[in-house]
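Welcome! Please open the sequence and the 3D view, and work through the exercises below at your own pace.

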Amino acid sequence: MAKLTNEEIIATLKEMTILEINDLVKAIEEEFGVTAAVAAAPVAVVADEAAPAGPTEVTIVLKEVGPTKIAVIKAIKEACGLDLMGAKKIVDGCAPGTPSVIKENVKVEEADKIKEAIHAAGAVVEYK
């Protein structure tokens, strides 16, 4: 049997009805052990990746200091590059129902590191 070119295959498909093309797809699936649905899955993944994942910058807020106030002050000082008095002012400014801003307009990756360090000290941190 002679090998068909892509143009010949496309020309043949143009002449077929939808039902004939559907039967052809089923026959190809059976012959080669594949599923036509698998080819459509990567397209959906690409569309999801193109969608915005969320904000690129956030504000880190200290919601609760927790039981280890000194450890939280040290964690804020080290994570944000503040002096001791600046870190203490942030912690002292946090009261129940009144969160205190730790750092504004921070890249999400950096914010995650800061949040992890302060959370490890026993405080509750969130993004705005």
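Three short exercises follow, each with a worked solution, on a model that is predicted.

**Exercise 1.** Work out what span helix 2 (residues 18-32) should have, and check it against its end C-alpha atoms.

*Solution.* Start with the 15 residues of helix 2. At 1.5 Å a residue, counting one less than the number of residues, the helix should span 21 Å. Its end C-alpha atoms are 21 Å apart, which agrees. Then look just past the helix: Gly33 has a positive phi of about 65°.

**Exercise 2.** Find the order of the strands in the sheet, and say which ones are the edge strands.

*Solution.* The 3 strands make an open, antiparallel sheet, ordered 2-1-3. Strand 2 (100-107) and strand 3 (124-127) are the edges, as each pairs on one side only. From one strand to the next, the twist averages 25°. Helix 5 (residues 84-93) packs on this sheet and touches strand 1 and strand 2.

**Exercise 3.** Which parts of the chain does the salt bridge between Glu126 and Lys63 tie together?

*Solution.* First check the distance: the closest N and O atoms of the two residues are 3.7 Å apart, and the cut-off is 4 Å. Next, place them: Glu126 lies in strand 3 and Lys63 in strand 1, so the bridge ties together parts 63 residues apart in sequence. These strands also pair over 4 bridges in the antiparallel sense, with Val61 standing opposite Glu126. Last, consider exposure: Glu126, at 27% relative accessibility, counts as partly exposed, and Lys63, at 39%, counts as partly exposed too.

How values were computed:
Residues numbered from 1 in each chain as written. Predicted model: local features only at pLDDT ≥ 70, side-chain atom pairs only at ≥ 80, totals over all residues. Heavy atoms only, no water. Helix = DSSP H or I, 4+ residues; strand = E, 2+ residues; numbered from the N terminus. Pairing = 2+ DSSP bridges. Axes fitted to C-alpha atoms, helices over the stretch in contact; angles between N-to-C directions. Contact = heavy atoms within 4.5 Å. Salt bridge = Lys/Arg side-chain N within 4 Å of Asp/Glu carboxyl O. Buried < 20%, exposed > 50% of the residue type's maximum accessible area, 1.4 Å probe, protein only.
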